Every structure is written in structure tokens, then in C-alpha cells.
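Subject: Handover of a structure and the findings on it

Dear colleague,

Please find the structure below, together with its sequence. I would be grateful if you read the notes that follow with both in view.

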Amino acid sequence: MIRRPPRRPDFTALSGVDCATANPLVTIRNPAALDSWTQPVLELLMVAGAIAALVHAVLWWRRRGDASNLGLWLAIVVYVLILEPPLYFPDWFGLDDQVGLIFVHNVFTVQFLFDRLRCTSSRSTRR
């Protein structure tokens, strides 16, 4: 019995974003035009939480001389910058066969790197 590699899902069908026409850097959308009213609320909560955590960490460091909260905040940023790109772009790092599709999410107000941080290359869509 011949085993065929699993068929790659069509990202356009999954999330409604066409990778061929996606802006490679930043895309900004009207928050009122998103699929659900909860998306801008979620975005606001995430950004506000990250800013509040950073402000808390800096104030804690200045008032008490303890930089542990700031170190934790910076560790999260380093995690995102180092670990996430190979997971979002496995074909760019030669990991397409090992990692495969992680997830596809909906579009938000501000999107980075091809509208969703994960678009397949022409090589991986031909499988």
C-alpha cells in the first residue's frame, strides 16, 4: 500500500485570506468591518494587558529594585521573537514536513506578515 503525504488544507478556504495578495508586512483593517464585534474587544484586552504588565514591571523595578517582573515580561517577548517564527513559517526554516499546519486564525484589525503570520509557500500547496 502506497502512503501519500497528507493533503495540505487551503488556507484561503479556512480563513478567507488569500496568501497571494496578502501584504507581506502590515495590514490594517476597520475594526467595525471584522467578522465579530468580539475581535476588537479581544485585541484591546490583549494590548492593554501587555502594556499594563510592562508598566507594572517597570514601576516595580524602580520602586523596589526588583527586576524579576521585567525579566519575565522580556522573556515572553524573547519567546515570541525566537520560537514563534519557525512555527508560523515552517517552510522558511525547512521544517514543513516536521511541523506542518499549526493553526489558522481569523483576521484582526492589525495583521503582520502576510495577514496572519502563516501562509503556505507555493511548494507546500502543491502537495
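Among the elements that cover the buried residues of α2 is α3. The model is a predicted one, and this pair of helices is a convenient place to begin reading it.

**The two helices**

Helix α2 contains 27 residues and reaches 38 Å from its first C-alpha to its last, which is close to the expected 39 Å. Its buried residues are Gln39, Glu43 and Ala57. Helix α3, residues 68-88, contains 21 residues and reaches 29 Å from first C-alpha to last, close to the 30 Å expected. In α3 the buried positions are Leu70, Glu84, Pro86 and Tyr88. Against which element do the buried residues of α3 pack? They pack against α2, residues 38-64.

Helix α3 also has a bend of about 30° at isoleucine 82. A proline, proline 85, follows that position within four residues.

**Between and after the helices**

Glycine 65 follows α2, and its phi is positive, near 75°. Alanine 67 belongs to the loop between α2 and α3. With a relative accessible area of 36%, alanine 67 is partly exposed, because that value falls between the limits of 20% for buried and 50% for exposed. Alanine 67 and alanine 57 are 10 residues apart along the chain, and their C-alpha atoms are separated by 7.2 Å. Alanine 57, as noted, is one of the buried residues of α2.

The loop between α3 and α4 holds phenylalanine 93. Is phenylalanine 93 buried, partly exposed or exposed? At 46% relative accessibility, phenylalanine 93 counts as partly exposed. Leaving out residues up to four places away in sequence, phenylalanine 93 touches Pro85 and Pro86. Pro85 is the proline that follows the bend in α3, and Pro86 is among the buried residues of that helix.

**A buried loop residue**

Threonine 109 is located in the loop between α4 (96-99) and β2 (110-112). Why does threonine 109 count as buried? Its relative accessible area is 11%, and buried means under 20%, so threonine 109 meets the cut-off. Apart from neighbours within four places in sequence, the residues in contact with threonine 109 are Thr27, Ile28, Arg29, Pro31, Leu34 and Glu43. Of these, Glu43 is also listed among the buried residues of α2.

**Rings and charges**

How many aromatic pairs does the structure hold? The number of aromatic pairs is 0. There is, however, a charge placed over a ring: the charged end of arginine 64 sits over the ring of tryptophan 60, 3.9 Å from the centre of that ring.

**The chain as a whole**

The secondary structure of the chain amounts to 5 helices and 2 strands. Read from the N terminus, the order of the elements is α-β-α-α-α-β-α. The chain has 127 residues, and 24% of them are buried. Taking the contacts between residues at least 6 apart in sequence, 67% join residues at least 24 apart. The accessible surface of the chain is about 9,200 Å², and carbon and sulfur atoms account for 66% of that area.

A useful way to review these notes is to locate α2 and α3 in the display, and then to find threonine 109 in the loop between α4 and β2.

Yours sincerely,
A colleague

Notes. Residues numbered from 1 in each chain as written. Predicted model: local features only at pLDDT ≥ 70, side-chain atom pairs only at ≥ 80, totals over all residues. Heavy atoms only, no water. Expected span 1.5 Å × (residues − 1). Bend = angle between axes of the 7 residues up to and from the residue. Buried < 20%, exposed > 50% of the residue type's maximum accessible area, 1.4 Å probe, protein only. Contact = heavy atoms within 4.5 Å. Phe/Tyr/Trp six-rings, centres within 6.5 Å; stacked < 30°, edge-to-face > 60°. Lys NZ or Arg CZ within 6 Å of the ring centre and 35° of its normal. Areas by Shrake-Rupley, 256 points an atom, 1.4 Å probe, with all protein chains shown as cover.
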